[in-house]
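Open the model in your viewer and keep the sequence panel beside it. The tour below goes stop by stop, with a selection to make at each.

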Amino acid sequence: MYRIEENRQEGQTILLIPAMLDDHFPLLRYAFFSRRYYPVILENRRGVVDAGLRHGHNDMCYPFHLCLGQYLQALGSGDYDLENTALLMPSAGDACRGSNFTSLVRKALKEAGYPQVEVLSLNVKGLEKDQALVLEPHMVWRALFALYYGDILMLLTQQVRPYEEEPGAANACRARWTEALSRDIKTGQGLTLGRMKGNFRSIAADFAAIPRRRETRKRVALVGELYTKYCALGNWDMVAFLEEEGCEAVVNGFSWYVLYYVDNQLAANRGLRRVLWQGIDRFLSSLQGRMVSAIRDHGFRCLEPFPVFKENAWAYLSRELQVADGWLMGGEIVGHIQSGCYRVLAAQPFGCLPSHVCGRGQYAALARKFPEARVVSVDLDSSGTPSQVYNRVKMLIEG
């Protein structure tokens, strides 16, 4: 397996990746290392909206402006050799960001004076094959471990941090494990499925050992479009805000989205391709099931493993809602409510058609089916302000 070096090696192209999966990127970044690429996760925040608006139409969704702004600020910083720098737009190959953001970013780069910078696409549908990120087997294997390790660290940190007796204990535990797991992923040593399953239990045991206060806090689930759910830049630091307001924030793991996407491919393919996706589905579901068991066996909560999760969701939602995050958004609402989390915050970019049709279109119907729950929808946009959203969130908390 390719051994990762922290310092850029000769011949490597710098790969700039916009913020998106805050809790997963500390580990997932290593999946993008190869002899070809040296990845850099962008963390710049100040002024990125204005930078994105200068070269992107204001009718585009908020994540586009944020990603474009991060790209342009990085390219204009002087920190990178533009002749050996490329941009990566992670995508699923479906609607909106999944397919057309790359062409819009290229247009903006040309207008901004960076026509030489390549924009690479990451998708499994074969789009833009001549401008796709070149994936190698070790990259995919590293991503697998980063996916589930990122999930369990995020889920457990959220459940311990609001109640910890010693401030910072949960973050410190996560940092220790992130450092240890980073070594495994970088070197390629210990990247076996048996080691992963053992680590699930060890991680859960370490978090369970953190002294916690016995108190009841309001639990608020955060659902919605992928970017505005997992990225603090995209949701105006919503998890931190909820915790500052005395709540426990509940964000579901990213592996549910991955399995949701695999399930959509099962519905769309036939023959040998369907058989391939079935194998992927069984493999990923098995690993997720082990992770969920480790979490629950140590006294923590988690939504149902994906096979059960989707059956519960389909009792209230149409499986045909497969555009972008589709039925997954409503499915998470159902899952959170059934698990006893009755306050749900649905966050989506203003003007995001897939989110508004497949997401927001479900909220009122689900609220009628679950009268004991409250679902509040908020829009995040470059023309809005955090205070507007925070005020709606406070209404959800206090109601």
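The lining of the second largest pocket is made up of 14 nonpolar, 4 polar and 10 charged residues. Bear in mind that this is a predicted model.

**Stop 1: the second largest pocket**

The volume of this pocket is about 600 Å³. Select Asp-22, Asp-23, Tyr-230, Cys-231 and Ala-232: of the 28 lining residues, these are the closest to the pocket's centre.

Next, colour the helices that contribute to the lining. At least two lining residues come from each of H1 (25–28), H5 (137–160), H8 (226–230), H9 (232–235) and H10 (238–244). Which helix gives the most to the lining? That is H10, with 4 residues.

**Stop 2: H11 and H12**

Select residues 254–268 for H11 and residues 271–297 for H12. The axes of H11 and H12 lie 9 Å apart, and the packing angle is about 155°. An angle over 145° counts as roughly antiparallel, so H11 and H12 are described that way. Their crossing is left-handed.

To see the contact, show side chains on both helices. On the H11 side, the residues are Ser-255, Trp-256, Val-258, Leu-259, Val-262, Gln-265, Leu-266 and Ala-267. Facing them from H12 are Arg-274, Trp-277, Gln-278, Ile-280, Asp-281, Leu-284, Ser-285, Gln-288, Met-291 and Val-292. By class, this contact holds 11 nonpolar, 5 polar and 2 charged residues.

**Stop 3: H11 and H13**

Keep H11 on screen and add H13, residues 306–314. Are these two helices roughly parallel or roughly perpendicular to each other? Their axes cross at roughly 70° and come within 11 Å. Because angles of 65 to 115 degrees count as roughly perpendicular, H11 and H13 are roughly perpendicular. The crossing of H11 with H13 is right-handed.

Four residues to select in H11 are Trp-256, Leu-259, Tyr-260 and Asp-263, which meet Phe-306, Phe-309, Lys-310 and Trp-314 of H13. This contact has 6 nonpolar residues, no polar ones and 2 charged ones. Trp-256 and Leu-259 of H11 also appear in the contact with H12.

**Stop 4: H14 and H15**

Move on to residues 326–338, which form H14, and residues 353–369, which form H15. The two axes come within 8 Å and cross at roughly 30°. Angles under 35 degrees count as roughly parallel, and H14 and H15 are therefore roughly parallel to each other. H14 passes H15 in a right-handed crossing.

Now select the contact residues. H14 contributes Gly-326, Trp-327, Met-329, Gly-330, Ile-333 and Val-334. From H15 come Pro-354, Ser-355, Cys-358, Gly-359, Gln-362, Tyr-363 and Leu-366. The contact of H14 with H15 divides into 8 nonpolar and 5 polar residues, with no charged ones.

Definitions and conventions. Residues numbered from 1 in each chain as written. Predicted model: local features only at pLDDT ≥ 70, side-chain atom pairs only at ≥ 80, totals over all residues. Heavy atoms only, no water. 1 Å grid on protein atoms, 1.4 Å probe; cavity = no way out; pocket = protein on both sides within 12 Å on 5 of 7 lines; lining within 4 Å. Points joined across faces, edges and corners; volume = space filled by probe spheres on them. Nonpolar A, V, L, I, M, F, W, Y, C, P; charged D, E, K, R; others polar. Axes fitted to C-alpha atoms, helices over the stretch in contact; angles between N-to-C directions. Left-handed = near helix turned anticlockwise from the far one by under 90°. Contact = heavy atoms within 4.5 Å.
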